[in-house]
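Biologist: Got a minute to go through this model with me? Let's put it on screen first.

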Amino acid sequence: MELDLRNIKTMMGMETFSCKSLDMVEKEMWVYFLAYNLIRLIMVQAASLGDILPRQISFKHSFQIWKAYRQQQTMSGINSLKILCVLIIENTVGHRPGRIEPKAIKRRSKSFSLLMETREKARVRVSRYGHPKKQR
């Protein structure tokens, strides 16, 4: 389950929401979940075509193939789900026993403070007093 949540957040670009209101953030979240389930559905169809388990297919690979396929489909007009499934099952995830990943945060916070006022006011403050010292 943790891997699925990580895939939704990182692969689908859901680390930060672009909407500001709570209602719109919820709608944006549901769109991400819908897209995630669409990719998983295509992975299941590809797995049944290739006679393999859906967990043997890489989500990242499937997502990248789907994006490229959608772009190519718009240009050429070809619409075949079978072609997409064959492309997806070409790259399977192998059995990786003993694989250990450290549970640590790699991303570090920025040294700049958040802009909590209008840009105009911030420009005036910086021109009068200079930039604030770096926070550690």
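Biologist: What percentage of the residues in the protein is buried?

Modeller: Buried residues make up 21% of the 136 residues. Buried means under 20% relative accessible area, exposed over 50%, partly exposed in between, with a 1.4 Å probe and protein chains only. This is a predicted model, so local features need pLDDT of at least 70 and side-chain atom pairs count only at pLDDT 80 or more, while totals for chains, interfaces and linings use all residues. Residues are numbered from 1 along each chain as its sequence is written, and side-chain values use heavy atoms, with hydrogens and water left out.

Biologist: How many helices and strands are there?

Modeller: Five helices and zero strands. Along the sequence the pattern reads α-α-α-α-α. Helices (H or I, at least four residues) and strands (E, at least two) are DSSP runs, numbered from the N terminus.

Biologist: How far does helix 2 reach?

Modeller: Helix 2 has 29 residues and spans 42 Å from first C-alpha to last. That is close to the 42 Å expected at 1.5 Å a residue. The expected span is 1.5 Å times one less than the number of residues.

Biologist: Which residues of helix 2 are buried?

Modeller: Ten names to click through: Val25, Glu28, Tyr32, Tyr36, Ile39, Arg40, Ile42, Met43, Ala46 and Ala47.

Biologist: And what follows helix 2?

Modeller: Asp51, with a positive phi near 55°. Asp51 is not a glycine. Asp51 sits in the loop between helix 2 and helix 3.

Biologist: Is Asp51 buried or exposed?

Modeller: Asp51 is exposed, because its relative accessible area is 71%.

Biologist: Now the core. Which residues touch the most other members of the largest one?

Modeller: Met12, Ile57, Phe59, Phe63, Leu84 and Ile88, in a nonpolar core of 19 residues. Helix 1 (2–11), helix 2 (22–50), helix 3 and helix 4 (81–89) each supply at least two residues of this core. Helix 2 gives the most, with seven. A nonpolar core is a set of buried Ala, Val, Leu, Ile, Met, Phe, Trp, Tyr and Cys residues joined through side-chain atoms within 4.5 Å.

Biologist: How many aromatic pairs are there?

Modeller: Four, from a search of the whole structure. One of them is Phe59 with Phe63, which is stacked: 6.3 Å centre to centre and 5° between the planes. Rings of Phe, Tyr and Trp (its six-membered ring) pair if their centres lie within 6.5 Å; planes under 30 degrees apart count as stacked, over 60 as edge-to-face and the rest as tilted.

Biologist: Where do Phe59 and Phe63 lie?

Modeller: Both are in helix 3 (residues 59–76), four residues apart, about one turn of the helix. Both are buried. Tyr36 joins Phe59 and Phe63 in one aromatic cluster.

Biologist: What is Phe63 in contact with, past its sequence neighbours?

Modeller: Leaving aside neighbours within four places, Met11, Met12 and Ile39. Contact means heavy atoms within 4.5 Å.

Biologist: Why does His61 count as buried?

Modeller: His61 is buried because its relative accessible area is 16%. His61 also lies in helix 3. Not counting residues up to four places away, His61 touches Leu87, Ile88 and Asn91.

Biologist: Last one. How many disulfides does the structure hold?

Modeller: Zero. A disulfide is a pair of cysteine sulfur atoms within 2.5 Å. Cys19 counts as partly exposed, because its relative accessibility is 24%. Cys85 is buried, with a relative accessible area of 4%.
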